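Please find below my notes on the two-chain model that you asked me to look over. They are set out as numbered points.

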Amino acid sequence: MRWTPKTWPEGLRASVPIALPVAAVGMSFGLLAAPLLGALPSIVMSTVVWSGTAQFAALSILTSGGGTALAAGTGLLANTRFLPMGFAIAPSMKGAPLRRFLTGALLADASFVIGHRGGGRFDIRAIAWAAPLQYLPWIGGTVVGVVGADAIGDPTRWGLDVLFPVFYLSLLLPDLFPERFQGGQRRADGPSSHGSSVPQNLRPIIVALLAAAITLCLTPIAPPGVPVVVAAAAALIGLRA
Amino acid sequence: MRTWLLILVLAVGTVLMKTLGPVLAGGRQPPARLTRVIALIAPALISALIVAGTFTHGQQLVIDARAAGLVVGAIALWYRVPAVLAMLLAVIVCALLRLAT
């Protein structure tokens, strides 16, 4: 069997469109971080932290004169969305705790989006395979940003950063409008909707709108990353039968 | 030294947050009410990521070239244009607008 994109594992194939923007944002990070942290720490940070949100959040604190502790706290706070993400994918996981730990460590925003199958189910294999084409471009982009940023300039100015929202939207729409976007694996066994006050098929739409509104309202007043994790609380309307 | 400490804390903390759910709750089917909540976490988080990636710059709310790119991308996606093509259209719109302003 030839190793062509058609024979790649699902998650790897699905992550191809974001490899380039990940590299671009990584470059953007390297460009900003190198003068402040030094070349080697910037690259090591991308290698072991592997989270743009946390890295940019910590960097912005340091840039504005904040201390290391505040930078660490802000960076961690920015990543708290991984807690609800982790608990969301947990029921779909198999295997021993160590295996679940290692798979969980591979989680990233785009992987979560790529792996979600609607109705609370996740393709864990797809999540794991979505990692390489984010991890490697992230480190590679950082290195290029650290070493050669002067020559190229900030790549996100070309509009590559808009790729993330559009990519996420392409994977959200089938969840919101399953009738229009026959994705093949729509929620077949969603929870029953007997006597439901809010129709089950409208719930993802309502939750998405609510989450968007929460994010907009909190952005000016909350630290980076906090609006997104609070927005996850929109899912609590699922507590209602 | 402080920089390395920062890197260590961020790395360990991030891994712990990613893995807490998988380690504690992995492989078990939660009660029905919780399942309904979990089913809605994905649309909530993805929608929040879209909004944060389009309409925010640090702590500021902004409407810039990214918003135009997202609208074009959304229209394309709605009419079932393949995702990669919709992303390309969005980048072109975004880049052209940034070039023009």
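The points below go from the basis of the model to chain A, the contact between chains, and the core.

1. This is a predicted model, in which local features need pLDDT of at least 70 and side-chain atom pairs count only at pLDDT 80 or more, while totals for chains, interfaces and linings use all residues. Residues are numbered from 1 along each chain as its sequence is written, and chains are lettered from A and ligands numbered from 1 in the order in which they are written.

2. Chain A has 13 helices and 0 strands, where helices (H or I, at least four residues) and strands (E, at least two) are DSSP runs numbered from the N terminus. Of its 241 residues, 54% are buried, a residue being buried if 20 or more other C-beta atoms, placed from the backbone, lie within 10 Å of its own. Among contacts in chain A between residues at least 6 apart in sequence, 67% join residues at least 24 apart; two residues are in contact if their C-beta atoms, placed from the backbone, lie within 7 Å.

3. The contact between the chains draws 82 residues from chain A and 69 residues from chain B. On the chain A side, helix H11 (residues 163-176) gives the most, with 12 residues, and by class that side has 57 nonpolar, 17 polar and 8 charged residues. Here Ala, Val, Leu, Ile, Met, Phe, Trp, Tyr, Cys and Pro count as nonpolar, Asp, Glu, Lys and Arg as charged, and the others, Gly among them, as polar.

4. Helix H3 (residues 39-48) of chain A and helix H1 (residues 2-25) of chain B have axes that come within 9 Å and cross at roughly 10°, the axes being lines fitted to C-alpha atoms over the stretch in contact, with angles from 0 to 180 degrees between N-to-C directions. H3(A) and H1(B) are therefore roughly parallel, a term for angles under 35 degrees. Pro41(A), Val44(A), Met45(A) and Val48(A) meet Thr3(B), Trp4(B), Ile7(B) and Ala11(B).

5. The largest nonpolar core (buried Ala, Val, Leu, Ile, Met, Phe, Trp, Tyr and Cys residues joined through C-beta atoms within 7 Å) holds 106 residues, of which Ile127(A) and Ala44(B) touch the most other members. Helix H2 (residues 32-55) of chain B supplies the largest share, 15 residues. Leaving aside neighbours within four places in sequence, the contacts of Ala44(B) include Val207(A), Ala208(A) and Ala211(A).

6. Those three residues are also among the buried residues of H12(A), and what covers the buried residues of H12(A) includes H11 and helix H13 (226-231) of chain A together with H2 of chain B.

Technical notes:
Buried ≥ 20, exposed ≤ 12 C-beta atoms within 10 Å, placed from the backbone. Parallel < 35°, antiparallel > 145°, perpendicular 65-115°, else oblique.
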